[in-house]
Amino acid sequence: MSRPGPGRWGALAATLAPILVLTLVPGPSAAAEPISIWCVVCGWRGTSDAILNVALFVPFGLALGALGRSARTALIVGLAVSLGIEVAQAFVPNRMPGLGDVIYNSLGASLGVLVYTQRSRLWPSDRGASRRRTLVWCVLGLVLLVGQAWLLSPVLPGETDGLEWTPVTRYGLQYEGRVLRFREAGQDRSVGELPAGLLDRVARGTRIEVSVVAGPTPGGIVPIVRIRNGLEEVFAIELDHRDIVVSYRTRGMVGRLDRPLARWDRGTSTWIRGDTITLGLQAVGDGMVIEQSGGSGTSPNPDYDPGPVELSVPTGRGWAFLMYPRWAARIPGTSIDFLWMLSLALPLGLWGSTRAALLSGATWIGALHALPAVFPLVASSQPGMLGVAIGVPLGLLLQFVHGNPEPFKWWKPLTTLFETDEIR
């Protein structure tokens, strides 16, 4: 019988610390609407929150598995830790405790233990089994890539409630500028008016124009014009501080997933309060072209693009369905897209032979390039393709190092948590 060493207890503490930090610091803002403590899938992005709550406790479950704990024990421990966190959240500003968090956190801890106990199957030594797992992961990855593009594409409801100018948001924010005119295909449309088929025509390439008297820079996301269906936003041209944002209802939103936004970074840099600005928008190919005129200021940003600018959401942005914070749009080179696809491609190299891994990676790259031809307003992802191109050989390298530990003694300490001998 062997006893867990201090390193494994340290790993447990290391996985618990970020959980406490992420769940017990005050939230950035209060919820737009009250949420019941008994809610299981809560809010407009409830599915995303559920997935994240499961994923948050998976490393904690892995550490419990390394300590020799069973999935049942992990479920109980995860339940106890999660209950403690939810009780504490009742005293933390802008935090909403809920039953759903307890359920998903407990499932995440149990899933982590199961992954740990099945680690020898996830990293098989038999080459035939490795090829089969590579093929399965290749097919699952292709399904995921197609699903990403499908969820990113717009879906338009049959009925809407009309056209709104500078409406008040659910957070009580409103743009302090003034809309002068909304035009579709050269025809003026009045506030409240929504001609039949407008959204379909816009999606097919009909040009729309909005003229607005610029107000002060807003402190959050505020619509200039918006079309909604009940409480759900269907289409909007918005401002987020200095950015111009075009948002529309996607299939992912229908499933309560978060959504990436087509964003013109610092697009209002030349706007001065009182300027009369004209914004033009038209769907073109795999994105939309937006342009502006009327700004009388000078942008302080030397990299500012005066437009017209093509906005689109790339196929490799599946991570954004889980969480799309505002700072994500400002990362140069869409590096999170790169890391997302690299992490997905890594198992292809870890599990498979060189030939199977490279063929699978080439198939994924082809899919990332071809999907925009099928789904509207979705563009190919160059960083995503690069992530696959690097992730596959990196996985092959890690597989080689793991199978030949003696020449790579620096690697050996990292494998001690995942030894194949069971702890009793």
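Helix α4 (residues 99–117) supplies the largest share of a nonpolar surface patch in this predicted model, namely three residues. The patch itself covers about 700 Å² and is put together from Ile-37, Trp-38, Val-40, Val-41, Leu-75, Leu-99, Ile-103 and Leu-107. One of these, Val-40, sits in the loop between α1 (6–24) and α2. Val-40 has a relative accessible area of 36%, and it therefore counts as partly exposed, since that label covers values from 20% to 50%.

Helix α3 (residues 71–89) is next. Its 19 residues, at 1.5 Å a residue, should span 27 Å, and the end C-alpha atoms turn out to be 26 Å apart, so the expected and computed values agree. As for what α3 tucks away, Ala-74, Gly-78, Ser-82, Ile-85, Glu-86 and Gln-89 are buried. These residues take up an arc of only 95° around the axis, so they end up on the same side of α3. Flip to the face of α3 turned away from that buried side, and the exposed residues Arg-72, Ile-76 and Val-87 show up.

On the aromatic front, the structure holds two pairs. Phe-57 and Phe-60 make up an edge-to-face pair, with ring centres 5.9 Å apart and 80° between the planes. Both belong to helix α2 (residues 46–66), where three residues, or about one turn of the helix, separate them. Neither ring pair member is out on show: Phe-57 and Phe-60 are both buried.

Key: Residues numbered from 1 in each chain as written. Predicted model: local features only at pLDDT ≥ 70, side-chain atom pairs only at ≥ 80, totals over all residues. Heavy atoms only, no water. Phe/Tyr/Trp six-rings, centres within 6.5 Å; stacked < 30°, edge-to-face > 60°. Helix = DSSP H or I, 4+ residues; strand = E, 2+ residues; numbered from the N terminus. Buried < 20%, exposed > 50% of the residue type's maximum accessible area, 1.4 Å probe, protein only. Patch = residues over 30% accessible without salt bridge, like charges linked within 9 Å, V, L, I, M, F, W, Y side chains within 5 Å. Areas by Shrake-Rupley, 256 points an atom, 1.4 Å probe, with all protein chains shown as cover. Salt bridge = Lys/Arg side-chain N within 4 Å of Asp/Glu carboxyl O. Expected span 1.5 Å × (residues − 1). Arc of directions from axis to C-beta.
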